[in-house]
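Reader: Could you take me on a close look at a single part of this model? I'd like to see how the sheet is put together, and what lies around it.

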Amino acid sequence: MDWRELIRWERMPHILCPGCGNGTILNVLVRALAEKFEEGELDPDKTVLVSGIGCSSRLPGYVKLDSLHTTHGRPIAFATGLKLANPELEVIVVTGNGDAAAIGGNHLIHAARRNLDITVICSNNYVYGMTGGQASPTTPQGAKSTTTPYGNPEPPFDLCELVMGAGAPHVERWTTAHPHQLKQAIHRALEREGFSFIDVLSQCPTNYGRRNDMRSPREMLEWLRENTSTEDEPGKIRIGVLRDEERKPFHERVYELVEEVSGDEEGG
Amino acid sequence: MSEKVEFLQGNEACAEGAIAAGCRFFAGYPITPSTEIAERMSERLPEVGGVYVQMEDEIASLAAVIGASWAGVKAMTATAGPGFSLMQEHMGFAAMTETPCVIVNVQRGGPSTGQPTKASQSDVMQARWGSHGDYEIVALSPSTVQEMYDLTIECFNWSERLRVPAVLLADEVVGHMRERVVLREDVEVVDRELPEEGEEIEEPFPLEPDDHVPPMPVFGRGHRVHVTGLTHDERGYPATDDPEVHRKLVRRLCNKVRKRAREIHESVGYDFIERESDLALVAYGGCARTVLEAAEELGATVFRPKVIHPFDADLVRKLLDGYEVLVVEMNLGQYVEMVERALDAECVHLLGHPGGYPPTPERVIKEAERIQG
């Protein structure tokens with residue numbers, strides 16, 4: 001399938017700012033999905049995108065699949081109902097750092113703990129972009145935002161460590177400066193059974209870069225390339241496959257139980 | 001006729017009603033005095049091939065229920081005051097996205113943590129107005145354990161017919177009481193209208209006619225629809241800057257319920273016991289039990305609605321115009337406000353009785369005698 005068939009062209013132009021990292025994430029996501037559909041590994045009619053509120057959460061609305069644009073922070077909770085009620089569905093959550101790590105942090109860790117079989121793509125641009133660039137739980141300490149004009153006094157979350165601590169079996173971190181690797185990561189996430197989390201470090205030149213000495217998208221992408229490494233290097237953010245294990249997904253345990261109990265009922 | 005007679009607690013009867021109505025998904029969070037519903041569902045759902053999940057909070061519970069509904073499965077949650085407050089955001093989301101779902105609220109005293117183990121009817125207005133924005137829901141109030149069963153089924157049926165969240169507005173009295181209940185199995189079960197599988201739908205959310213209930217293009221059937229809580233046009237796409245789209249959308253969301261108020265009242269039913277008297281008593285839910293007794297003793301007319309929302313002002317006028325009306329409720333006055341709007345407000349009186357128990361028949365009689373002075 002050509003990825004162009006997956007775009008709701010009638011909705012273009014999109015609402016994202018020029019140079020926004022979410023454009024790269026949308027690009028990579030639809031290409032990965034088109035390849036999976038082409039390979040026959042996924043059925044487009046059984047693939048659902050779910051999102052919360054924020055810039056990144058607008059992405060599903062541009063993709064021609066079933067999609068649920070929900071409330072702030074809650075897409076993973078909605079996804080829990082979708083996946084458990086119909087395990088045939090391939091459920092992908094597109095979320096952001098504010099959506100997933102602040103208001104939705106509770107749902108994130110519990111879905112990881114349950115090992116809900118969904119893929120979570122978190123566009124992590126350090127701020128609340130949609131509302132104009134306020135500090136979020138991933139804003140680096142000392143960084144400027146509209147609500148930390150003197151520098152952020154709070155330490156940030158490492159979202160990958162957070163979900164690994166909660167039990168997520170498949171966790172990767174990439175950046176919008178690594179689109180090819182990101183596409184492969186999405187492929188892996190769709191293949192894995194269980195909770196897959198991809199932390200995508202992304203640029204918000206409009207609301208983060210310009211307050212932190214990186215006015216252009218190019219400068220921000222260079223920063224992402226220079227300050228990340230697939231090896232453990234001091235002073236650099238670790239990217240790559242951080243965990244890749246197998247654990248039985250939640251819906252399988254639930255349906256085994258249902259089968260056992262309902263089978264007993266019929267037998268009895 | 002296929003039926004089973006049991007001696008059950010109201011909350012257990014509610015769970016049985018849900019199963020009979022076709023509910024196959026429950027997401028919830030423990031809270032007094034509703035917890036027995038979750039416990040019963042966790043036991044019963046796997047027996048009938050359904051899924052029970054205990055979520056991390058009430059916000060997530062209603063979110064999961066809405067997700068399950070979009071996966072094509074009838075779904076329910078159960079809670080009480082504080083949990084109902086947390087669910088309000090998703091009541092609005094369900095209304096906006098036209099998602100059938102059932103929310104049971106076994107009311108307890110509030111505000112805040114209030115009286116966890118005591119009865120109340122103080123969420124009557126929250127059930128309708130608790131979320132922000134213009135919307136309508138269906139709310140039904142049971143007075144007996146039998147009605148915990150019957151009205152749970154009605155909640156599912158009206159929720160499926162109208163694609164709205166439906167609230168079983170119960171209270172601790174009926175939730176924890178034990179009575180004989182007939183578990184009818186030949187109940188009428190309504191399923192949402194679905195478009196043909198695979199059909200491409202140009203306009204999944206038509207704006208007109210203004211009381212229209214469109215078929216529900218549930219996920220996984222090839223419709224490829226976008227569903228959003230933002231103001232959306234006919235295609236389901238965000239149209240937040242268009243005042244006309246917003247007006248038409250919220251008008252339809254309200255009118256599809258409001259214009260069917262009489263139909264809902266007649267289908268669900270109500271008690272109207274007419275006696276030769278200038279006095280009419282009005283009560284609903286657990287509180288109606290003592291009021292019915294008081295009315296008999298007083299020789300007064302009595303109206304017991306089962307449908308709390310949508311309120312049918314014409315019906316109330318038709319039944320109660322010309323009476324001195326005494327509304328009795330376990331709060332400081334909520335349903336009474338709707339009655340006042342329907343009738344000559346000077347003829348409408350309130351016995352507001354918060355505290356955790358319905359007023360005794362003697363208390364109701366004393367109040368009736370006082371207003372008749």
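Author: Happy to! Eight strands make up an open sheet of mixed pairing, in the order β11(A)-β7(A)-β8(A)-β4(A)-β3(A)-β1(A)-β2(A)-β10(B). Strands here are DSSP runs of E with at least two residues, helices are runs of H or I with at least four, and both are numbered from the N terminus. Two strands count as paired if DSSP finds at least two bridges between them. The edges are β11 (240-244) of chain A and β10 of chain B, each of which pairs on one side only. From one strand to the next the twist averages 15°, with axes fitted as lines to C-alpha atoms and angles running from 0 to 180 degrees between N-to-C directions.

A word on the model before we go on. It is a predicted one, in which local features need pLDDT of at least 70 and side-chain atom pairs count only at pLDDT 80 or more, while totals for chains, interfaces and linings use all residues. Residues are numbered from 1 along each chain as its sequence is written, and chains are lettered from A and ligands numbered from 1 in the order in which they are written.

Within the sheet, have a look at strand β7 (residues 170-175) of chain A, which pairs with strand β8 (residues 196-201) of chain A in the parallel sense over six bridges. There, T175(A) stands opposite L201(A) of β8(A).

Now to the place where the two chains meet in the sheet. β2(A) is joined to strand β10 (residues 226-228) of chain B by three bridges, also in the parallel sense. One pair to look for is S67(A), whose bridge partner in β10(B) is H226(B).

The strand pairing belongs to a wider interface: 34 residues of chain A are in contact with 40 residues of chain B, a contact being two C-beta atoms, placed from the backbone, within 7 Å. On the chain A side, β2 (66-69), α2 (75-85), α4 (105-114) and α8 (250-267) each supply at least two residues. The largest share, eight residues, comes from α2(A). By class, this side of chain A has 14 nonpolar, 12 polar and eight charged residues. Nonpolar means Ala, Val, Leu, Ile, Met, Phe, Trp, Tyr, Cys and Pro, charged means Asp, Glu, Lys and Arg, and the others, Gly among them, are polar.

Stepping back, chain A has eight helices and 11 strands. Its radius of gyration is 19 Å, which agrees with the value near 18 Å for a compact globule of 268 residues; that radius is taken over C-alpha atoms, and the globule rule is 2.2 Å times the number of residues to the power 0.38. The C-alpha atoms of chain A fill a box of roughly 70 × 40 × 35 Å along the principal axes. Of the contacts in chain A with a separation of 6 or more, 67% link residues 24 or more positions apart.

Of the 268 residues of chain A, 51% count as buried, meaning that 20 or more other C-beta atoms, placed from the backbone, lie within 10 Å of their own (12 or fewer is exposed, and in between is partly exposed). N22(A), in helix α1 (residues 21-38) of chain A, is buried because 28 other C-beta atoms lie within 10 Å. Leaving out residues up to four places away in sequence, N22(A) touches L16(A), C55(A), S56(A), L59(A), S123(A) and S202(A).
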